[in-house]
Amino acid sequence: MQLPAGPTPPQAPPAAAAGGLWHLRLLGAFELSNGRQRHGKLGTRAAMALLARLCLQPDAAHPRETLVELLWPEVAAAAGKQRLRQTLLTLKQVLEPAEHAGFQVIEADRFTIRLIAGRVQCDAVVFEAAFKRGEHDQARALYTGELLPGFYDEWIGDERLRLEGLFDRLRAPSAPTASFARLASDPGDPGAATARSAPPALPTTGPRHAALPAYLTRMVGADPQARQLRQAVSEHRLVTLMGPGGTGKTRLAVEVAQAMSAQCDFETVAWLPLAPCRTRQQVLDQVLLSLNLPTGQAGALAGIVSALDGRRALLVLDNFEQVVDEGAEVVGELGARLPLLHQLVTSRRALALPGEREILVAALDLPAAQATLDEAASSPAVALFVERARATRAEFHLHAGNRAAVIELLQLLDGMPLAIELAAARVRSMTPAEMAATLRQAREGKASALDLLERAPQRGRQDSRHHSMQATIEWSWALLGEAQRALLAALTVFQGGFGTEAAAAVCATSTSTPAGSIAWLLDELLAHSLLRLQAEGDTLRFALYEPIREFAQRQLSTEAAIALRRSHGAWALAWAQALPVTPSLPTLQAELPNLVAAMSHALADAAPQRAIALALALDLTLEEVKLPGAALATLASALEVCQDAALKSRGLGLLGLLEFLGGHGIESLRRIDEGLALAPLEPAALRARALLLAAQAAYYRKQASAALALLDEAQALIVSSDTEAQARIASCRADVVSGHDPAQAAALQRSAQALWSARGDRVGVMRARYRLAILAYDVHDYQAMWAEIDPVVEEARQLQAWLRLAASLNVRGGAQRGLRRWSEAAADMRASMQLAWQALAPRHLAAVLTTLPYAMLRIGQAELGVRLAGFISVYWPPRFGPLPQRDVNELRRVQRLAQHVMGPARSAAAYAAGQRLSVAEVVAQVLAVPAAG
């Protein structure tokens, strides 16, 4: 392709004449040619982007570090420099062919890279030069499309917008806009004749997208929702884009409107910013203004209808919530009188009009807490944070050191785009870890998230609401009635969501609202986009975004806050005590943040007994639903000040068991001893419970005789009708005797299974069958083991008992291994490890890591297997006491096999390397192994 040259094109030096002047097209497509060769692309996109950067700034000496940061912003510096060297070599092989020795296009040294003058002519540079000389016809001819379409680097996007702005200024005053392209069709077209015969109410001049806002940043992570919205606008005549302030409604609407205008989906696309409007007439005037029609006249609605009659048009009405009551009628009347009109509304409230299609703007997808670096980088929320942070600190990037802090920060911000952008603006003075700590403290009332999420108002921005979350939320608060405000403030007592019944039980009295009216008020708050909906099967729950929670919480008096906490605590205790024999584990998991908060509130309000009673009400479920570390700490603090000896005895026993299972070490079992010492002789059932826990502690300490004596004493105290205690004692006794009498242990577990079944406790039956599978493993009866464990896996999935599923998959992996199904065994164990890691369950994780090394060896991962053996040898003892003998034997077996496969020296080195690994490194290495081994 020969590009049009300027009036005085630069003369190529002799070397250039020998090698050939290169022409680079960047506008509309990438194309590199020199009369003999043509390249529609180069070896890599990075090579194309690098050449573009050099050509767009032909006189600059580009620092290598700057180029690395532009081309590979997420890559470590050393790796980026290596990539730059490889990319530069690719470019020079194309631009400086061997047959033209001495012909040089790019000059590079240790520090900079630059383009030699006169060797490459770039259409974008020639276009800009022609524009600056005032040669507009030549500039128009050169602009054949946007810069580097399909490239989404931030710096390319900035250049693209800058050049588009120059081209928009070149439009001939008489040229039609894209919005009215169909009216400017060929005179011979019958459609054009019809259009020309219509009243010329709308002007057909003006720049492309003149009425649509322009952004200097790119939209991140909203592509799927943009596609959904575009389809909805095409198919429905009234679409309301809803969501709280800061979720990106306006930006999403702009992107969709621009795309639909560019593709000529509509003849007319008009943007209506309604934030200043409060009345019907102001809405009508804004429509007139956006259509370049006279305002302030009578018959405004008729004028709009006349102008748009017969035209396929799209009106985008932004920020409608404060004028819904006055303006919704305008939207309805326009829709009724203009059958070709489509309207896209952004609002925090629905318009409640017939035919309205509501679309909720979703928060950005968040990575899991344990996501790897690559998984985190691919998250839209992380991508937005990193991009906006780099606008403040160019060197900022996601790396292993800040991965966890960035993920926690974005989770605390609920994935809200505005909150993420405001936090990213703080990276000049705060680290992600410091910001996350501030948000954690804000949840406890010790800091302010709203103070963190604020920036100075941006220049040139008429609407300043989005300079802070405080201002954004105040806008919504002002639109609420008194009853709505009172309920929203009261709902801040909940953590992690709530149902309608819970809201009525906790908030009705404090807000002086009849319990039956709470559901209607919740619906109104949802319609105002101040609550978000959490659908869990057939159950609906509500939740608050954290910035909204803090703002609303500030509206409560101290006395009202205390009363709400007490009401919430009473509801939480009653809810936990009413759990059925087989509880819904997903429901319990969803309610767990509220239960933990209620324990914390009880301690803060000097009611430690309430916190302990709540934990004890969850006792039977805590093998399947893990109590967070914060709740354990609260329980420990409550026990320190509790004066009720019987309650303290039970609480100490539960805390000691949970701490031990949570990896706090063998010393945590001393709490069980303290609990037994405090246990009263009456009632007998409480004493029996303390004795049972003491027997479990003795079992964990390898003290079988003491454990059996304690179990005998407990058995003598319980009555036959107490099937729960009978089942627990039988199960614990089976564990104790399993080492020397597997047959008796199996009989005891079957007895426990029958007792759980008689109670109707599916979870208890599942636990008993799980232990029967382990007993079969101990005697190498793998068929019996499979028969027990496979149904447990399915039951755990049905009950959504994820901790039990993690443990059961590990056991099933053992059965697969016993049947010599090595790949299947490794797959089950890897799945078990991943579940345990995601659930932050150290004992389950440790259990699978004692069985996984041998499976890794058998699928050809000898070195990894030995590293895992080394890791578990140092990870288990400080958390759970000495390794069981069978696990010691297993690790020795792994080492012997590895020495045979790898040799003694390599095996010893791998074992030592494993002892230095962190848990996260171990998990990452195991999951990196291909699934097929």
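This report describes a strand sheet, a helix, the internal cavities and the cysteines of a predicted model.

## The four-stranded sheet

Strands β3, β2, β1 and β7 form an open sheet, in the order β3-β2-β1-β7, and the pairing within this sheet is mixed. Its edges are formed by β3 (38–39) and β7 (120–122), each of which pairs on one side only.

Strand β1 (residues 22–25) runs antiparallel to strand β2 (residues 31–33), to which three bridges join it, and the two strands form a hairpin with five residues between them. In the turn of that hairpin, Gly28 has a positive phi of about 90°. Across this pairing, His23 stands opposite Ser33 in β2, while Arg25 stands opposite Glu31 in β2. With β7, by contrast, β1 pairs in the parallel sense, again over three bridges, and here Trp22 stands opposite Val120 in β7.

The residues of β1 named in these pairings also appear in the account of its burial, since both faces of the strand are covered. On one side Trp22 and Leu24 are buried, and on the other His23 and Arg25 are buried as well.

## Helix α29

Helix α29 (645–661) has 17 residues, which at 1.5 Å a residue should span 24 Å; the end C-alpha atoms are 24 Å apart, so the expected and computed spans agree.

The helix is mostly covered, with twelve of its 17 residues buried. Among them are the leucines Leu647, Leu652, Leu654, Leu655, Leu657 and Leu658, together with the glycines Gly651, Gly653 and Gly656. Ser649, Glu659 and Phe660 are buried residues of α29 too.

## Internal cavities

Two cavities of 30 Å³ or more are found in the structure, and the largest holds about 70 Å³ of space. It is lined by 13 residues, of which Ser649, Arg650, Arg689, Ala690 and Leu693 are the closest to its centre.

At least two residues of this lining come from each of α29 (645–661), α30 (670–678) and α31 (684–700). Ser649, one of the residues closest to the centre of the largest cavity, is also one of the buried residues of α29. By class, the lining of the largest cavity comprises eight nonpolar, three polar and two charged residues.

## Cysteines

A search of the whole structure for disulfides finds zero. Cys277 has a relative accessibility of 5% and therefore counts as buried, and Cys507, with a relative accessible area of 0%, is buried as well.

Definitions and conventions. Residues numbered from 1 in each chain as written. Predicted model: local features only at pLDDT ≥ 70, side-chain atom pairs only at ≥ 80, totals over all residues. Heavy atoms only, no water. Disulfide = S-S within 2.5 Å. Buried < 20%, exposed > 50% of the residue type's maximum accessible area, 1.4 Å probe, protein only. Pairing = 2+ DSSP bridges. 1 Å grid on protein atoms, 1.4 Å probe; cavity = no way out; pocket = protein on both sides within 12 Å on 5 of 7 lines; lining within 4 Å. Points joined across faces, edges and corners; volume = space filled by probe spheres on them. Nonpolar A, V, L, I, M, F, W, Y, C, P; charged D, E, K, R; others polar. Expected span 1.5 Å × (residues − 1).
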